[in-house]
Amino acid sequence: ASGNMAYGLYFGSESNTSNSLRNAAMFEETIGTNFGSKAVSEQNNIDLFVGGDAGVQWGAKLTYSSSKNEQGGMDQEQDALRVAIGGISGDIEAFANIGISNKAENGDYEFDGKSSFDLGASYLFNDLTYMARVQSIQAEDAAGNEIKSQNIHIGTARVYRLNDRSNIWVSAWYKMDRMECDADSGFSLVACGDITVDDPDDPTTWTFTHFKENNNTYIPVAVSLEVAVKEWLTLRGSVAQNIWGENDNGDDEATIANSTEVRAGASLVWGDFQVDGLIGNTTNTNTVGDVDTSAGNGTLRTDALMSRVGLVYRF
């Protein structure tokens, strides 16, 4: 920090969205022994950021990723570049994340992120926060197959302060997620269709259902509670549910089902140190009876306490 400016360097901020799209574009098309993704994930990400306060609090970040692997006959290479800006002025907050470049190659498999942006804003008025967010992504694979995705979210939220130790958050959204697929291969296997293996003993027998579009419209409502149990312990929990939801793949419609998400978390505080973690969320399914709860789908794992931990030091 220097005066009213702050500067920073951050390592390891790989984008889950970017990696998921690369996985969809760089997927082995022949189901069999080598069936699976040939994607090259983001690696060695570096964030440079700066922020300040000039009447309006603001911040900006530049993210760069680059890696290659030519060992063992490999021919892999990837790079990504994006910027992010944000600001707070009174009761208004806004941000913009913009992708400048995003490319990955693995032999004949390629991913080219043509464009992407994520814009959002919120406004606090009469104890209610009104929120809006627009996301758009356009990408292409090696064969020129193209995918377009656009999400529009509008919501509202309110905080209820029960006492000096407890807070409740209530939020509701109206979400429209749209995907268009101009693809007959590549993207079509993962992002633009469903694969059903006909015979588990013969992975070469399969049925692929292709769609040109996939649209989700739904209304999620969430209730969250935070309680400072002790000076050194804060507990959090939330329940979210789609009170209405519908999927349209361009041909048929279906109700979105089983949408309940339950999450819990805790903070342990020792002076200026604070450890934050999720409670009972894990992807481990190695043992009989284990449940994948990474999506917070209603099952908390007592053998996975404080997973995905973050450490904060204030000075």
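This tour proceeds through a predicted model, one selection at a time.

**The whole chain**

Begin with the full chain in a cartoon representation. Its secondary structure amounts to 2 helices and 17 strands. Of the 315 residues, 29% are buried. A surface representation shows about 18900 Å² of exposed area, with carbon and sulfur atoms supplying 52% of it. As for the contacts between residues at least 6 apart in sequence, 54% join residues at least 24 apart.

**Helix α1**

Select residues 16-25, which form α1. The N-terminal end of this helix is capped by Ser15, with a side-chain oxygen 3.4 Å from the backbone nitrogen of Thr17. Display the side chains next: the buried residues of α1 are Ser18, Asn19, Leu21, Arg22, Ala24 and Ala25. In an α-helix there are 3.6 residues a turn, so residues three or four places apart point the same way.

**The largest nonpolar core**

Two of these helix residues, Leu21 and Ala25, lead into the largest nonpolar core, which has 12 residues. To complete the selection, add Met26, Val40, Ala104, Phe111, Ala139, Ile147, Met179, Cys181, Cys192 and Phe211. Both α1 and strand β9 (166-182) supply at least two residues each to this core.

Center the view on Ala104, a member of the core. Beyond residues up to four places away in sequence, Ala104 touches Arg22, Met26, Val40, Glu77, Gln78, Tyr109, Glu110 and Phe111. This list includes Met26, Val40 and Phe111, which belong to the core as well.

**Asn106 in strand β5**

Move along to Asn106, which is placed in strand β5 (residues 92-106). Is Asn106 buried or exposed? Its relative accessibility is 15%, so Asn106 counts as buried. A polar atom of the Asn106 side chain lies 2.8 Å from the backbone oxygen of Lys38. Leaving aside neighbours within four places in sequence, Asn106 is in contact with Met26, Lys38, Val40, Asp75 and Gln76. Met26 and Val40 in that list also appear among the contacts of Ala104.

**The loop between α1 and β2**

Select Glu42 and Arg82, whose side chains meet in a salt bridge with an N to O distance of 3.0 Å. Glu42 lies in the loop between α1 and β2 and Arg82 in strand β4 (residues 76-89), so the pair ties together parts that are 40 residues apart in sequence. Glu42 counts as buried because its relative accessibility is 2%.

Asn44 lies in the loop between α1 and β2 too. Although Asn44 is not a glycine, its phi is positive, near 55°. With 53% relative accessibility, Asn44 counts as exposed.

**Further salt bridges**

The structure holds 8 salt bridges. For another of them, select Arg133 and Asp118, where the closest N and O atoms are 2.6 Å apart. This pair links distant parts of the chain, since Arg133 is in strand β7 (residues 128-141) and Asp118 in strand β6 (residues 109-125), 15 residues apart. How do the two partners differ in exposure? Arg133 has 31% relative accessibility and counts as partly exposed, whereas Asp118, at 11%, counts as buried.

Between these two strands, pause at Asp127, which lies in the loop between β6 and β7. Asp127 has a positive phi of about 70° without being a glycine, and at 52% relative accessibility it counts as exposed.

Next, select Lys114 and Asp112, whose side chains form a salt bridge at 3.1 Å, N to O. Lys114 counts as partly exposed, with 41% relative accessibility. Then select Glu226, Arg236 and Asp276, three residues linked in a network of salt bridges.

**A nonpolar patch on the surface**

For the last stop, return to the surface representation and color Leu9, Phe11, Ile46, Leu48 and Leu62. These residues form a nonpolar patch with about 460 Å² of accessible area together. Which elements give two or more residues to the patch? They are β1 (5-11) and β2 (46-53). Leu62 is found in strand β3 (residues 57-69), and its relative accessibility of 36% places Leu62 among the partly exposed residues.

Note on methods. Residues are numbered from 1 along each chain as its sequence is written. This is a predicted model: local features need pLDDT of at least 70, side-chain atom pairs count only at pLDDT 80 or more; totals for chains, interfaces and linings use all residues. Side-chain values use heavy atoms; hydrogens and water are left out. A nonpolar core is a set of buried Ala, Val, Leu, Ile, Met, Phe, Trp, Tyr and Cys residues joined through side-chain atoms within 4.5 Å. Buried means under 20% relative accessible area, exposed over 50%, partly exposed in between (1.4 Å probe, protein chains only). Helices (H or I, at least four residues) and strands (E, at least two) are DSSP runs, numbered from the N terminus. Contact means heavy atoms within 4.5 Å. Accessible areas come from the Shrake-Rupley method with a 1.4 Å probe; for residues, only the protein chains shown count as cover. Patches are made of residues with over 30% relative accessible area and no salt bridge: like charges are joined within 9 Å, nonpolar side chains (Val, Leu, Ile, Met, Phe, Trp, Tyr) within 5 Å. A salt bridge is a side-chain nitrogen of Lys or Arg within 4 Å of a carboxyl oxygen of Asp or Glu. A polar contact is a pair of N or O atoms within 3.5 Å; within protein, one must be able to donate a hydrogen and the other to accept it, and residues adjacent in sequence count only if both atoms are side-chain atoms.
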